[in-house]
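Me: Got a minute to go through a structure with me? I'll throw questions at you as they come up.

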Amino acid sequence: MTNILLCGAGGKMGHAVARSAMDFEGVSIAAGYDIRIPSDVDFPVYTSLSDIKEKIDVIIDFSHPSLTDGILDYAAENKIPAVICTTGLSGEQVAHLNRTSETTAVFYSANMSLGVNLLIDLVQRAAKVLEDNFDIEIIEKHHNQKLDAPSGTALAIADAISDAVSYEPEYTYDRHSVRKKRDKSEIGILSMRGGTIVGEHSVYFAGCDEVIEIKHTATSKEVFAVGAVKAAVFLKDARPGLYSMKNLIEA
Ligand SMILES: NC(=O)c1ccc[n+]([C@@H]2O[C@H](COP(=O)([O-])OP(=O)(O)OC[C@H]3O[C@@H](n4cnc5c(N)ncnc54)[C@H](O)[C@@H]3O)[C@@H](O)[C@H]2O)c1
């Protein structure tokens, strides 16, 4: 049995993970953690990690960056593997995540869908081939409740492109205040927010008289929830280290 502690249990993703977990044999949400206790779940939810009494094998976190440091400390102190899916983490929090992974298994991905991780692979290949003659821009679209911009996924795509090309790209989030031509080394990252859009990421390679667009659209939050539960099962018995969707796909 894989007993999960679900952080952000009262949120949209928390509910989606609880629903998805029911489809997995041998997986159970043992407890939840959130700043508010939801009334519509069938497992105990705590507002303090120190109150948790249930046996926990692995943590799934879809909450808020303000909770991430406490969750990482709890994981390290109790030697519980943690799947961190919350986005908008600061550089210091990413460093905290890396430190925690030295003693505890930590899985981190800004996007838990298989499709987006394939997109990242394809985009890296395209960037290597096209880097000399094509301008690269990323456009991401999300629902009007999303707190962070650009999305963690857009930044992960930009970072993957940076790893693939031979130059050091400069990320450009805003062009309204400068009047100058686009620099060759720029990667433009644009965010749109509205309605209930679950998540769209398009990468444009714009060249002379031709444009290549590689796009992923998520039509439901379930894709992220299923990915997180699969990651939790994968991580439960993993050795300390930092894991990503690449490891899960390869496994
Ligand atoms: N990695 C992925 O694939 C992926 C996919 C979807 C969402 N996310 C991320 O997961 C997180 C949760 O997303 P969601 O759509 O469930 O959000 P949500 O707003 O529906 O839920 C957030 C939960 O966090 C709790 N919370 C704790 N401290 C909070 C604070 N200070 N402010 C606001 N909420 C606080 C809320 O009570 C709530 O239950 C976000 O960071 C989101 O970007 C990641």
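Me: Which side chains of β10 point to one face and are buried?

Reply: Gly 199, His 201, Val 203 and Phe 205. The ones pointing to the other face, and not buried, are Glu 200, Ser 202, Tyr 204 and Ala 206. Keep in mind that this is a predicted model.

Me: Is that a general thing for strands, or what pattern should I expect?

Reply: In a regular strand, side chains alternate between the two faces of the sheet.

Me: OK, and what stands opposite His 201 in β11?

Reply: His 216. Those two strands, β10 and β11, run antiparallel and are joined by eight bridges. On the β7 side, Glu 140 stands opposite His 201, and β7 and β10 are also antiparallel, with seven bridges between them.

Me: How many residues sit between the strands in the hairpin of β10 and β11?

Reply: Four, and Asp 209 in that hairpin takes a positive phi near 70°. Asp 209 is in the loop between β10 and β11.

Me: Asp 209, buried or exposed?

Reply: Exposed, because just 5 other C-beta atoms lie within 10 Å, and the cut-off for exposed is 12 or fewer.

Me: Which residue in the loop between α2 and β5 has a positive phi although it is not a glycine?

Reply: Lys 79, with phi at about 55°. That loop between α2 and β5 is where Lys 79 sits. Lys 79 counts as exposed because it has 10 other C-beta atoms within 10 Å. As background, most residues other than glycine have a negative phi.

Me: Back to the sheet. What's the strand order in the open sheet of five?

Reply: β8-β9-β7-β10-β11, with mixed pairing. The edges are β8 (170-172) and β11 (211-218), and each of them pairs on one side only. From one strand to the next, the twist averages 15°.

Me: Which helix packs on it?

Reply: α5, residues 152-164, which touches β7, β8, β9 and β10. The direction of α5 makes about 160° with that of β7.

Me: And how do β7 and β9 pair?

Reply: In the parallel sense, over seven bridges. One bridge to look at is Ile 139, whose partner in β9 is Leu 190.

Me: Where's the cis peptide bond?

Reply: From Ala 149 to Pro 150, with omega near -5°. Pro 150 lies in the loop between β7 and α5. Most peptide bonds are trans.

Me: Switching over: what about the open sheet of seven strands?

Reply: That one runs β3-β2-β1-β4-β5-β6-β12, and the pairing is parallel. β3 (45-46) and β12 (241-243) are at the edges with a single partner strand each, so one side of each has no neighbour in the sheet.

Me: How many bridges link β1 and β4?

Reply: Four, in the parallel sense, between residues 2-7 and residues 58-61. Leu 6 stands opposite Ile 60 there.

Me: I keep clicking on Thr 2. Buried or exposed?

Reply: Buried, because 21 other C-beta atoms lie within 10 Å and the cut-off for buried is 20 or more. Thr 2 belongs to strand β1.

Me: Which residues does Thr 2 contact, leaving aside neighbours within four places in sequence?

Reply: Gly 26, Val 27, Asp 57, Val 58, Ala 232, Val 233 and Lys 236. Take Val 233: Thr 2 and Val 233 are 231 residues apart in sequence, yet 6.7 Å apart in space, C-alpha to C-alpha.

Me: Now the largest nonpolar core. Which members touch the most others?

Reply: Val 17, Ile 59, Ile 60, Val 83 and Ala 228, out of 46 residues. Helix α6 (residues 222-235) gives the largest share of this core, nine residues. There's another core apart from it, with 17 residues, including Ala 154 and Phe 205.

Me: What is Val 17 in contact with?

Reply: Setting aside neighbours within four places in sequence, Leu 6, Ile 60, Phe 62, Ala 225, Ala 228 and Val 229.

Me: Last topic, the ligand. What surrounds it?

Reply: 23 residues, the closest being Gly 10, Gly 11, Lys 12, Met 13 and His 64. α1 (12-21) and α2 (65-78) are the elements giving two or more residues to that shell, and α1 gives the most, three.

Me: How does the shell split by class?

Reply: Eight nonpolar, 12 polar and three charged residues.

Technical notes. Residues numbered from 1 in each chain as written. Predicted model: local features only at pLDDT ≥ 70, side-chain atom pairs only at ≥ 80, totals over all residues. Core = buried A, V, L, I, M, F, W, Y, C linked by C-beta atoms within 7 Å. Contact = placed C-beta atoms within 7 Å. Near = placed C-beta within 6 Å. Nonpolar A, V, L, I, M, F, W, Y, C, P; charged D, E, K, R; others polar. Pairing = 2+ DSSP bridges. Axes fitted to C-alpha atoms, helices over the stretch in contact; angles between N-to-C directions.
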